[in-house]
Amino acid sequence: MADTTAKTSSPRAGAAAAAAATPPTATAAAAAATTASPASPASPKGPTSPRSPAKSATPEGEAFGTEQHIEVADDLEEPDDNDDANSAVGSSIQSSTGSLTESIYAYRVLHGRTFNAPKTSEYWAPNDEQQNEGLDLLHNAALMVLNDELFLAPIGENPQKVLDVGTGTGIWAIDFADVYPAAEVIGTDLSPIQPAWMPPNVKFEIDDCLLDWTWPENHFDYIHMRMLYGSIPDWNDLYKKAFKHLKPGKWFEDVEFDVRIQSDHAAIPEDHMFNTWAEAFYEAGDKLGRSFRIAYDGSLKKAMTEAGFVDIHEVKVKMPCHGWPRDPKLQQAGLLMFAMLDQSLEGFCLYLFSKALGWTAEEILLFVAKYRTELKKKSLCGWLQV
Ligand SMILES: C[S@@+](CC[C@H](N)C(=O)[O-])C[C@H]1O[C@@H](n2cnc3c(N)ncnc32)[C@H](O)[C@@H]1O
């Protein structure tokens with residue numbers, strides 16, 4: 001995962017004391033972290049709950065980073081292709097999405113899966129319940145690898161106006177609103193897949209982030225994005241919008257995943273499905289002009305710099321994709337990721353590979369089956385770069 005936070009510079013003199021204190025040039029932290037304070041009591045959202053505002057994260061402290069070492073559990077010898085990853089996660093996962101109002105969906109159907117019906121932009125993954133459940137699993141896994149933090153930027157204890165762009169099921173926005181009841185949180189998306197019930201301080205809007213933003217300039221205290229990979233033709237333009245609509249001196253954060261599974265414990269040959277899979281996504285994204293390379297190719301930081309942000313921190317975190325870590329929390333994160341991937345793989349590929357690469361449904365399903373076989377191999381100790 002590439003979690004990149006950046007602060008706005010102060011475009012007007014004296015507009016923000018905090019911004020004036022930041023260096024005028026961008027700085028990048030190769031590794032950063034969260035505080036070591038304990039998590040707040042369990043919420044009904046799922047196996048972890050985000051921290052309280054008093055424990056909000058800063059980009060300094062305990063290291064994640066590319067040198068992050070995750071110890072392997074003792075029981076890797078069990079058969080790789082059992083289904084225990086799914087069952088171990090089991091009922092402990094509680095989705096925070098409420099009943100989805102199917103009737104307000106306008107959608108297109110591809111190979112039995114529903115996708116958003118684009119009035120403006122087309123999104124590459126389905127917006128049906130199966131895929132949405134995957135988003136919520138991933139949210140919980142992300143909380144676990146980030147030590148229960150919903151974000152890393154040091155946004156202070158009293159953010160007022162908060163925007164979550166491409167909010168998906170709205171799970172991040174809802175969690176954030178729970179933790180900051182005084183904040184007014186807006187989540188936007190192309191699809192109306194957010195629950196009908198939510199905390200009173202959250203609002204969801206159908207909005208295409210690629211179009212002009214209609215909020216006032218210098219409006220938000222914090223803007224958050226997560227997993228917009230493969231959706232954005234021009235990151236510079238998107239980040240410029242974020243810059244323009246943030247108050248001076250306030251923070252912007254984007255969390256993006258790479259699509260290549262890597263390992264520190266097993267050799268992954270160049271022609272392994274983990275690499276073939278990633279290359280297919282990179283190629284498809286390139287062909288559609290919406291890159292999947294952004295978590296590794298440095299373009300996020302570059303786009304933030306060009307948008308005018310300063311004090312840029314890039315944090316790299318390893319997200320395990322199976323229950324191989326010794327650490328119980330990372331093991332649980334890995335199991336959630338395994339469950340998420342297992343139910344989301346077809347959805348990831350169906351539109352993308354048929355439209356961009358011209359593959360048939362049969363070719364896609366065969367490709368997914370081969371990938372799934374490798375994914376089940378716990379002994380490969382795979383992780384994704386966030
Ligand atoms: C991978 S999901 C991530 C959802 C959410 N951010 C999360 O982390 O759980 C990407 C979301 O971005 C939305 N999206 C894609 N392109 C968009 C656009 N142009 N404007 C607004 N939302 C968009 C999709 O509809 C989808 O819900």
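**Note on the predicted model**

1. A convenient place to begin is Phe176, which, once its neighbours within four places in sequence are left aside, is in contact with Leu150, Val162 and Val185. Everything said here concerns a predicted model, and the values that follow should be read with that in mind. Phe176 is also among the residues that touch the most other members of the largest nonpolar core, a group that includes Ala141, Val145, Met319, Cys321, Met337 and Cys349 as well. That core holds 99 residues, and its largest share, 17 residues, comes from helix α8, which spans residues 328–357.

2. The helix that carries Phe176 deserves a closer look. Nine of the nine residues of α4 are buried, so this helix is largely enclosed by the rest of the structure. The buried residues are Ile171, Trp172, Ala173, Ile174, Asp175, Phe176, Ala177, Asp178 and Val179, a list in which Asp175 and Asp178 stand beside residues such as Ile171 and Val179. What covers them includes the helix α3 together with the strands β4, β5, β6 and β7, the last of these running over 220–226.

3. For the protein as a whole, the secondary structure comes to nine helices and twelve strands. Of its 386 residues, 50% count as buried. When contacts with a separation of 6 or more are considered, 76% of them are accounted for by residues 24 or more positions apart.

4. The surroundings of the ligand form the next point. There are 21 residues around the ligand, and of these Gly166, Gly168, Arg226, Met227 and Ser231 come nearest. The shell divides into nine nonpolar, nine polar and three charged residues. Three elements, α3 (129–145), α4 (171–179) and β5 (184–189), each supply at least two residues of this shell. The helix α4 thus appears in two settings, as a contributor to the shell around the ligand and as an element whose nine residues are buried.

5. One sheet can be followed strand by strand. It is an open sheet of three strands in the order β9-β12-β11, with antiparallel pairing. The edge strands, each of which pairs on one side only, are β9 (261–263) and β11 (318–320), and the twist averages 50° from one strand to the next. Strands of a sheet pair through backbone hydrogen bonds, either parallel or antiparallel.

6. The pairings within that sheet can be given by residue. On one side, β9 and strand β12, residues 382–385, pair in the antiparallel sense over three bridges; here Gln262 stands opposite Trp383 in β12, and Ile261 stands opposite Leu384 in that strand. On the other side, β11 and β12 also pair in the antiparallel sense over three bridges, and Pro320 stands opposite Trp383 in β12. Trp383 is therefore a useful residue to find when tracing the sheet, since Gln262 and Pro320 both stand opposite Trp383.

7. Two residues call for attention in the backbone. Most residues other than glycine have a negative phi. Asp148, however, has a positive phi of about 70° although it is not a glycine, and its place is in the loop between α3 and β4 (161–165). Asp311 likewise has a positive phi, near 55°, but its place is in strand β10, residues 310–316. Are these residues buried or exposed? Asp148 is buried because 20 other C-beta atoms lie within 10 Å, and Asp311 is buried because 26 other C-beta atoms lie within 10 Å.

8. Two further residues have fewer neighbours than the cut-off of 20 that burial requires. Pro192, in the loop between β5 and β6 (202–206), counts as partly exposed because it has 17 C-beta neighbours inside 10 Å. Val109, in strand β2, residues 107–110, is exposed, because 11 other C-beta atoms lie within 10 Å.

9. Both of these residues can also be placed against a residue remote in sequence. Pro192 and Asn127 are 65 residues apart in sequence, and their C-alpha atoms are 8.8 Å apart in space. For Val109 and Tyr351, the separation is 242 residues in sequence and 10.0 Å in space, again from C-alpha to C-alpha.

Note on methods. Residues are numbered from 1 along each chain as its sequence is written. This is a predicted model: local features need pLDDT of at least 70, side-chain atom pairs count only at pLDDT 80 or more; totals for chains, interfaces and linings use all residues. A residue is near a molecule or strand if its C-beta atom, placed from the backbone, lies within 6 Å of it. Helices (H or I, at least four residues) and strands (E, at least two) are DSSP runs, numbered from the N terminus. Ala, Val, Leu, Ile, Met, Phe, Trp, Tyr, Cys and Pro count as nonpolar, Asp, Glu, Lys and Arg as charged, and the others, Gly among them, as polar. A nonpolar core is a set of buried Ala, Val, Leu, Ile, Met, Phe, Trp, Tyr and Cys residues joined through C-beta atoms within 7 Å. A residue is buried if 20 or more other C-beta atoms lie within 10 Å of its own, exposed if 12 or fewer, and partly exposed in between; C-beta atoms are placed from the backbone. Two residues are in contact if their C-beta atoms, placed from the backbone, lie within 7 Å. Two strands pair if DSSP finds at least two bridges between them. Axes are lines fitted to C-alpha atoms, for helices over the stretch in contact, and angles run from 0 to 180 degrees between N-to-C directions.
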